[in-house]
Amino acid sequence: MIEPTIIARLRQNWQTVRSEVAAAAVSANREPSAVQIIGVSKYVDAEATLALVEAGCNQLGENRPQLLWKKNEQIVFPNDIRWHLIGHIQRNKLRRSLPFEPIIHSVDSPRLLAAIAAEAVAQSRVIKVLVEVNISGDEAKTGLSPEQVERLLLDRPQQGAQIIGMMAMAGWGSEREEAKIQFSQTRQLRDDLQKKHSLPLPELSMGMSGDFNEAIAEGATMVRIGSRLFEGCDFIRPL
Ligand SMILES: *Cc1c(COP(=O)(O)O)cnc(C)c1O
């Protein structure tokens, strides 16, 4: 059982984040509905994840597929939840993950994309994916260089995986101003490739608890927010 005070705090956090995201959209002359909030539930167990859903969050992001599986074994989530896989994913985790029809934000190699497409075809699904860009050039980060992104788009599988956009994270230790520049570069890359190859890439997944304002100013359509949602709920332990 989660204490009512924690439930109330979660609900309050959700409302606060929602209004900050909406305000960031409005100050960028964008519609609040143009920015989706992915609640990153990787920090908490299944019960607390469901509490977040009940507070109003219907898009959930996990960085490890095992957590997605385990939570769904423990709890039946409402049907209208959309799951997102946002962390590096191994090919041998796809078979069990695709039945949840997650949006996969972390496509960081042609091999992974091919494997997603093949498994999706085998399961008669179409999986939406984003290509992860290493825009900061930070060697410690996953993601593809802009050149590799372009090659991936050109050689993309024709069935099973639909590329809907790009995901980026600011480099480690980036100041917010620096993060803003990296988000802007990501959007620019998206715009260029979209135009050059006549390929719709509407989604930009960028921005986390510490930098979602900058990301929204630079065109993010999905922000992945975790720690802000669980502030003050410290004793909810990760799985
Ligand atoms: C954990 C995580 C987030 C959320 O980060 P917070 O700073 O807690 O909001 C976003 N994206 C990815 C890929 C993550 O692993």
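In this predicted model, the residue G87 is placed in the loop between β3 (82-85) and α4 (94-97). G87 has a relative accessible area of 12% and is therefore buried, since buried means under 20%. The C-alpha atoms of G87 and I6 are separated by 27 Å, although their positions lie 81 residues apart along the chain as a separation in sequence. The points below describe the overall fold, the annotated features, the ligand site, the aromatic pairs and some individual residues.

**Overall architecture**

- The protein contains eight helices and eight strands.
- Its radius of gyration is 17 Å, close to the 18 Å that the globule rule gives for 239 residues, so the protein is as compact as a globular protein of that length.
- Taken along the principal axes, the C-alpha atoms of the protein fill a box of roughly 50 × 45 × 30 Å.
- Of the 239 residues, 51% count as buried.

**Annotations from UniProt**

- An unreviewed UniProt entry places the feature "domain: Alanine racemase N-terminal" at residues 37-230.
- The span of residues 37-230 is 37% helix and 21% strand, and its end C-alpha atoms lie 14 Å apart.
- An unreviewed UniProt entry also places the feature "modified residue: N6-(pyridoxal phosphate)lysine" at K42.
- K42 is located in the loop between β1 (36-40) and α2 (46-54).
- The relative accessibility of K42 is 27%, which lies between the 20% and 50% cut-offs, so K42 counts as partly exposed.

**The ligand and its surroundings**

- The residues that surround the ligand are V40, K42, Y43, I86, M169, M208, S209, R224, I225, G226 and S227.
- K42, the residue that carries the UniProt modified-residue feature, is thus one of the residues around the ligand.
- Y43 has a polar side-chain atom 2.4 Å from an oxygen atom of the ligand.
- S227 has an N or O atom in its side chain that is 2.6 Å from an oxygen atom of the ligand.
- R224 has a polar side-chain atom that lies 2.9 Å from a nitrogen atom of the ligand.
- On its own, the ligand has 390 Å² of accessible area, and the protein covers 88% of this area.

**Aromatic pairs**

- Two aromatic pairs are found in a search of the whole structure.
- One of them is formed by Y43 and F230, which are arranged edge-to-face with 6.5 Å from centre to centre and 70 degrees between the planes.
- This pair links distant parts of the chain, for Y43 is in the loop between β1 and α2, F230 is in the segment after β8 (222-225), and the two residues are 187 residues apart.
- Y43 counts as partly exposed because its relative accessibility is 35%, whereas F230 counts as buried because its relative accessibility is 8%.
- F77 and W83 also form an edge-to-face pair, with 5.1 Å from centre to centre and 90 degrees between the planes.
- F77 and W83 are both buried.
- Y43 therefore appears in two settings, as a partner of F230 in an aromatic pair and as one of the residues that surround the ligand, with its accessibility of 35% counted as partly exposed.

**Residues with a positive phi**

- Most residues other than glycine have a negative phi.
- E101 has a positive phi, near 45 degrees, and is a residue other than glycine.
- E101 is found in the loop between α4 and β4 (103-107).
- With a relative accessibility of 34%, E101 counts as partly exposed.
- S124, also a residue other than glycine, has a positive phi near 55 degrees.
- S124 is placed in the loop between α5 (110-122) and β5 (127-133).
- S124 counts as exposed because its relative accessibility of 69% is over 50%.

**A residue in helix α4**

- R96 lies in helix α4.
- R96 counts as partly exposed because its relative accessibility is 46%.
- The C-alpha atoms of R96 and D155 are separated by 26 Å, and these two residues are 59 residues apart along the chain.

Technical notes:
Residues are numbered from 1 along each chain as its sequence is written. This is a predicted model: local features need pLDDT of at least 70, side-chain atom pairs count only at pLDDT 80 or more; totals for chains, interfaces and linings use all residues. Side-chain values use heavy atoms; hydrogens and water are left out. UniProt positions are given in the numbering used here, feature names are shortened, and annotations may be inferred rather than shown by experiment. Helices (H or I, at least four residues) and strands (E, at least two) are DSSP runs, numbered from the N terminus. Buried means under 20% relative accessible area, exposed over 50%, partly exposed in between (1.4 Å probe, protein chains only). Rings of Phe, Tyr and Trp (its six-membered ring) pair if their centres lie within 6.5 Å; planes under 30 degrees apart count as stacked, over 60 as edge-to-face and the rest as tilted. A residue is near a molecule or strand if one of its heavy atoms lies within 4 Å of it. A polar contact is a pair of N or O atoms within 3.5 Å; within protein, one must be able to donate a hydrogen and the other to accept it, and residues adjacent in sequence count only if both atoms are side-chain atoms. Accessible areas come from the Shrake-Rupley method with a 1.4 Å probe; for residues, only the protein chains shown count as cover. The radius of gyration is taken over C-alpha atoms; the globule rule is 2.2 Å times the number of residues to the power 0.38.
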